[in-house]
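Please open the model in your viewer with the cartoon shown and side chains ready to be switched on. The tour below goes from one selection to the next and says what is to be found at each stop.

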Amino acid sequence: MDRWDRVGRVAAYGAALALTPYLLIKVSWVVGSLLGLLPVGTGFGMAEWVVLNSATIGMAGIGIAVALALVRPWGMRIPGAPLAFCAWVGTGFLVPVLPYAVLSSLLGPPDGNPKSGRNAGSSMPVWEAALVQIGFVGMGLGLAIALPTYLRRRWPDAFAGRLGDRGEGSPRALPWMAVVGAAVGLIWLYWAVGGTAGVAHRGERDLAWYALSGVFGLWAFVASAATWAVVRGRPARVPRWGPMVLGWLGSGSLFAWSGWKLPFTLYLAVAQPADAALPENLALAAVLHLAAVGAGAAMLRALVRTRLMSSKSWSILSRVRRSTD
């Protein structure tokens, strides 16, 4: 075990440990609300509150299992595709928003539910809010360190070589998903700088909404640029690992966050609760989230397919060189 493996081991265990209090808090919210010991969150009915927090319990459990899989021996034996998918979603959720999460933890309590500007519970204690924030930050940092060390052990050539290594016969199809991702990011950035077109409830905008719109918009552009570079193989001399990492994180952010927000947006559009509203027009928000989910999934597929083609081309070239020696 070399130095990087030891660092990854500590990071993986640290990530699992950091998220465990969040899991226990969410379980206490569900059990406490069902027993009448704790109030439900503002703007939620009992059923909605239980369903939402049960979903986050499941997500936290998967996150802890993924973190342990990155370091335990059984993690090298389980199928790679589902583990990579869960890690992609997890890093997409947490790593892109780490700067915002750290800053918000210093400036005030975290927002505990997806409703803009509303806390998850009406009487969430400060220590509980701090544990939730520590769980998010710790899991994000841990995955950011542990995942590359795992990939290095399981797929040593996953990010090897340069963008131009595919050879002249490689397809250069237009990466449409990069265009869609850039368009979605442009709208989010427009809102982040104060644009009002497509905003239905201007009074619902707060600092967190502006900041997150900017964060997600920037990562949408990063994902689009990285995917474009990998698929097109340009600039040819750029090491492949850089665009691959950025494309992985950016596409995961598009898929994970919009996949999380889309059902909630649709719920608001159908139920139209009087005490809950999003700043943006719900129809437009739903279209943007649907486009982001589709673009993020297509980006991941393009990155994986391009890497597989590069590996195959490199293998063929190596065999040809050996046969001529």
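Select helices H1 and H5 together: in this predicted model their axes come within 7 Å and cross at roughly 145°, and the crossing is left-handed. If the residues of this contact are coloured by class, they come out as 20 nonpolar, 5 polar and 4 charged.

Keep both helices on display and add the side chains of tyrosine 22 and phenylalanine 136, whose rings form a tilted aromatic pair with 4.9 Å from centre to centre and 55° between the planes. Because tyrosine 22 belongs to helix H1 (residues 3-34) and phenylalanine 136 to helix H5, the pair ties together parts that are 114 residues apart in sequence. The model has 10 aromatic pairs when rings are paired with their centres within 6.5 Å.

Next, follow H1 by itself. Its 32 residues should span 46 Å at 1.5 Å a residue, and the end C-alpha atoms are 48 Å apart, which agrees. Along the way, H1 bends by about 25° at threonine 20, with a proline, proline 21, following within four residues. Just after the helix, stop at glycine 36, where phi is positive at about 80°.

Now hide H1 and bring up helix H2 (residues 46-69) beside helix H5 (residues 126-154); the two axes come within 10 Å of each other and cross at roughly 35°, again in a crossing that is left-handed. To see the contact, select Gly63, Ile64, Val66, Ala67 and Ala69 on H2, and Met139, Leu143 and Tyr150 on H5. Of the residues in this contact, 7 are nonpolar and 1 is polar, while none is charged.

From there, move on to the loop between helix H7 (207-232) and H8, and centre the view on proline 235. The peptide bond leading from arginine 234 into proline 235 is cis, with omega near -10°. For context, most peptide bonds are trans, and most residues other than glycine have a negative phi.

The last selection is helix H8 (residues 241-271), a run of 31 residues that reaches 45 Å from its first C-alpha to its last, close to the 45 Å expected at 1.5 Å a residue. Where along H8 does the kink lie? Zoom in on glycine 259, where the kink is about 25°, shortly before proline 263. Finally, step just past the end of H8 to glutamine 272, which takes a positive phi of about 50°.

Terms used:
Residues numbered from 1 in each chain as written. Predicted model: local features only at pLDDT ≥ 70, side-chain atom pairs only at ≥ 80, totals over all residues. Heavy atoms only, no water. Axes fitted to C-alpha atoms, helices over the stretch in contact; angles between N-to-C directions. Helix = DSSP H or I, 4+ residues; strand = E, 2+ residues; numbered from the N terminus. Left-handed = near helix turned anticlockwise from the far one by under 90°. Contact = heavy atoms within 4.5 Å. Nonpolar A, V, L, I, M, F, W, Y, C, P; charged D, E, K, R; others polar. Expected span 1.5 Å × (residues − 1). Bend = angle between axes of the 7 residues up to and from the residue. Phe/Tyr/Trp six-rings, centres within 6.5 Å; stacked < 30°, edge-to-face > 60°.
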